[in-house]
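Let's take a structure apart by asking how its labels are earned. Have a look at it first, then follow the questions.

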Amino acid sequence: MADHLLEVRDLSVRFHTAQGIVNAVNGISWHLDRGETLAILGESGSGKSVSASAIMNLIDMPPGEITSGQILFDGVDLLKKSEEDRRRLNGKRISMIFQDPLGHLNPVYPVGWQIAETAMAHGKPKDEAYARALALMERVGIPDPKASMDKYPHQFSGGQRQRLMIAMALVLKPDILIADEPTTALDVTVQAEVLSLLEELQEETGMGLLLITHDLGVVAEAADRAVVMEGGHIVESGTPRELYHHAQHPYTRKLLAAAPGKGEMRDPASDEQPILRVQNLQKSYGSFAALKGVNFDLHAGETLAIVGESGSGKSTIARLMLHLEPASGGKVLWKGEEILSKTPREMGPLRRQLQMVFQDPTQSLNPHMTVFQIISEAWVIHPDILPKSQWKDRVAELLEQVGLKPEHALRNPHQFSGGQRQRIAIARALALEPDLIICDEAVSALDVSIQAQVIALLGELRDRLGIAFIFIAHDLPVVRDFADHVLVMQRGQVVEHGTVRQIFEAPRQGYTQRLLAAGLDSDPDVQAERRSQRLALAATQA
Amino acid sequence: MKTMLGKRAVSSLISLFVLIVMVFFLSRLTGDPAALYLPVDASEEMRQNFREIHGLNDPVIVQFGRYIGDLVQLDFGESLRKARPAIDVVLEAFVWTLWLALITMALVSVAAIVVGSIAAFNVGRPFDRVASVLSLIGASAPDFWIAIVGIVVFSVSYGLLPTSGTGTVWHWILPIAVLFIRPFGLILQIVRGSMINALGSPYVKTARAKGVKNRPVIFVHTLRNAMLPVITVIGDQAAALLNGAVVVETIFGFPGVGKLMIDSILQRDFNVILAAIMVTAIAIFLMNILIDIAYALLDPRIRT
């Protein structure tokens, strides 16, 4: 009998790319037992998903190549088995769910069929497969499961889609479930629900759970053991508590230090006139009210965080302020002047004062322009800012200000990493010397360590240049470190508005409390406390 | 789905009406019909008589109303050269074009989907390279040139195929072959790209992780998604053929709508031209509605 249910031994995988050979993982070893949850923790490019893909035979070869190692499942090396034998294991004994459930569900087939397909692919008769699918949809908490069987993936919410993926993976009661960033794209409260569901299902079936994540909070909440990966190597392993309190490897320490939500909170002390007043701002799409009257003030050099889950209307506020969409009602006073009623021509000169940094720098930077062109374009549009002779020096200066090098100016965006691209987007915004920068989820796509750097950069710019920020985010710990005031939104309405200290230390509204309790903390002890808080809140609600 | 089709039908009717208005007034812009239809040496009396018969002395708006009234009854007037109702002449030719287009597009679709899919499974291998280069050449080669080369090689040099007309099955081969090449090249490219995209998509990864066999992964999960963009292009290409393959029909003396239009323009048979424009326009609108229905059947996201 094998020592472990699943054991990866000395696995090395490399990819042949146009840029040469990339060693994705180098001699990694880990194991997973029945009923146990192992987390593989790592940032993008660490190779954390590669061993899972190797287990599921999902690596395309070429360009991939497994150069060494064994994957022992019940003591038998999967890498020595035939394609057909491995197909028989997939979905039946080892299942996998993924990060983006919308993309990973086939858009053109009903979800009931997609769940039943797992059973049918392994020889179960149609009736039985459908009966199992229905039972599982009910088990994972899909409302009205019978009618939902015939619906299509786009008709469900993000959280429901991940539940459907889980149902699809568990139809045949596998021994192992691999979950690759299963909650990354989900709202915090939904994330907590999905993690609880996984845990309950694990208790019921006794399956081993492999959790691939970049989030220390997920590890603290759900894992029994964790391995930390960096650059294709396992640098450290242990229980979440051991890792949190006694991290040995510098990389683990760096990750822990970068985890947001641990710093000092800010105390705003400003009694000047606000530079921005938003009054009763409204937006409707047809009969649907997306924003139902929002009010707030913002002072120079201060940061207002707008937090809320998807669909709460938080990004709509920014879009309305910048005239990216027409508002349905209300006023926006910028330095005492109403700007919503301005014509595009009148808005032009004001735009340089109000800048925006978006979530995805890969899409918001034009790939065909050099960094120099991207940054200096602002001065082409607003020629009074800077004479052309000084552009080169100023671009170099801005690049240094955001932590890049002057010689980066001649490169194209694709030659940079995600964090660097976001720095370029910030430099572009700074080029106009704005008084207000709106960051719409500007750090949520970045790895934790990069996120920490970008937040530090923004904080420095705020203190040095006196720029005010509107910081739209769903990630509460980041907000805690960066904001002065917090506006909590739900379904187009402001639920609570207060200083960061008041919101985080004494939230008054039930929704804010639930939101805070659902957030995951990287400290396993804090997280255990928060978890009981969350369950208590859920109980009082029910 | 029903509301979508309803909207589509309404917008088609609006475009059709705009087309009618344009065709009517453009044909009036080309000059006085009495001068255009009658021989150059016709007397003023004859011209006056002609105007009287055809109501050309009425205000334009009245003429337009009468024109619309006739259209609703599918009355396009007489063909001046053939002395038969214009619509009969056009429909007769249109049936030929319809068959030509249907057969060609059926062959093109099957061939492009099969070859494009095989190329997509073998990206970068010799089959894919050859298919890609040939499809590029096919998509860019001018059809009049291919038609002439075809005649020179197969009819003149080897005497295998007739040069023009429609008598036998052999007569159809060259026109279909020539019309086949361009849409085949275009659609093959789309199929290949779309298939590569779908094969690399996350839902295919899911299917493999579920242990679905290779064949259903390709034919159930991939193909249906990959067909969505392909259908649009097939529709466009079919519409172009329905419009009458003017050049090819003329070169091969094929009695379709394209050739009829050219002949009618040369003979100033305006009623036939107008009828031909209306018939092909209606055919294209119907074609687009068919494409929409196919699209909605394949993709549930369109239906809601």
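Q: Why is Gln155(A) called partly exposed?
A: In this predicted model, Gln155(A) has a relative accessibility of 35%. Buried means under 20% and exposed means over 50%, so Gln155(A) falls in between and counts as partly exposed.

Q: Where in chain A does Gln155(A) lie?
A: You'll find Gln155(A) in the loop between H6 and H7 of chain A.

Q: How far apart are Gln155(A) and Glu325(A), in sequence and in space?
A: In sequence, 170 residues separate Gln155(A) and Glu325(A). In space, they are 26 Å apart, going from C-alpha to C-alpha.

Q: What makes Ser51(A) count as buried or exposed?
A: The relative accessible area of Ser51(A) is 0%. The limit for buried is under 20%, so Ser51(A) is buried.

Q: What does Ser51(A) touch, and which helix is it in?
A: Ser51(A) sits in helix H1 of chain A, which runs over residues 50–55. Leaving aside residues up to four places away in sequence, Ser51(A) touches Leu11(A), Ile28(A), Trp30(A) and Ile40(A).

Q: Why is helix H4 of chain A called largely enclosed by the rest of the structure?
A: Just look at the count: helix H4 of chain A (residues 111–121) has 11 residues and 10 of them are buried, so it is largely enclosed by the rest of the structure. The buried ones are Val111(A), Gly112(A), Trp113(A), Gln114(A), Ile115(A), Ala116(A), Glu117(A), Thr118(A), Ala119(A) and Ala121(A).

Q: Which helices do the buried residues of H4(A) pack against?
A: From chain A, there are helix H2 (83–89), helix H5 (126–139), helix H6 (145–148) and helix H7 (158–170). Chain B joins in too, with its helix H10 (214–242).

Q: What is the phi of Gly123(A), just after H4(A)?
A: Gly123(A), which comes just after H4(A), takes a positive phi of about 85°.

Q: How is chain A divided into domains, and how far apart are their centres?
A: The domain assignment of chain A gives domain 1 (34–48 + 84–258) and domain 2 (302–325 + 343–537). Their centres, taken over C-alpha atoms, are separated by 30 Å. The contact between them takes 24 residues from domain 1 of chain A and 19 residues from domain 2 of chain A.

Q: Now for chain B: how many helices and strands does it have?
A: Chain B has 14 helices and zero strands. As for burial, 43% of its 304 residues count as buried. Its C-alpha atoms fill a box of roughly 85 × 55 × 30 Å along the principal axes.

Q: Which domains is chain B divided into?
A: Chain B splits into domain 1 (2–72) and domain 2 (86–303). Their C-alpha centres lie 33 Å apart, and the contact takes 15 residues from domain 1 of chain B and 15 residues from domain 2 of chain B.

Q: How do you know that H1(B) and H13(B) are roughly antiparallel?
A: Start with the angle: helix H1 (residues 2–29) and helix H13 (residues 270–298) of chain B pack at about 160°, with their axes 11 Å apart. Angles over 145 degrees count as roughly antiparallel, so H1(B) and H13(B) earn that label. Their crossing is right-handed. The residues in this contact divide into 17 nonpolar, four polar and two charged.

Q: What makes Asp292(B) buried?
A: Asp292(B), found in helix H13 of chain B, has a relative accessible area of 17%. That is under the 20% limit, so Asp292(B) is buried. Asp292(B) touches Met4(B) and Arg8(B), not counting residues up to four places away in sequence.

Q: Why are H10(B) and H13(B) called roughly antiparallel?
A: H10(B) and H13(B) pack at about 175°, with their axes 10 Å apart. The cut-off is over 145 degrees, so H10(B) and H13(B) are roughly antiparallel to each other. Among the residues that meet here are Arg224(B) and Met227(B) in H10(B), and Thr280(B) and Ala283(B) in H13(B). The contact divides into 15 nonpolar, three polar and one charged.

Note on methods:
Residues numbered from 1 in each chain as written. Chains lettered and ligands numbered in written order. Predicted model: local features only at pLDDT ≥ 70, side-chain atom pairs only at ≥ 80, totals over all residues. Heavy atoms only, no water. Axes fitted to C-alpha atoms, helices over the stretch in contact; angles between N-to-C directions. Helix = DSSP H or I, 4+ residues; strand = E, 2+ residues; numbered from the N terminus. Parallel < 35°, antiparallel > 145°, perpendicular 65-115°, else oblique. Left-handed = near helix turned anticlockwise from the far one by under 90°. Nonpolar A, V, L, I, M, F, W, Y, C, P; charged D, E, K, R; others polar. Buried < 20%, exposed > 50% of the residue type's maximum accessible area, 1.4 Å probe, protein only. Contact = heavy atoms within 4.5 Å. Domains from an automatic or database assignment.
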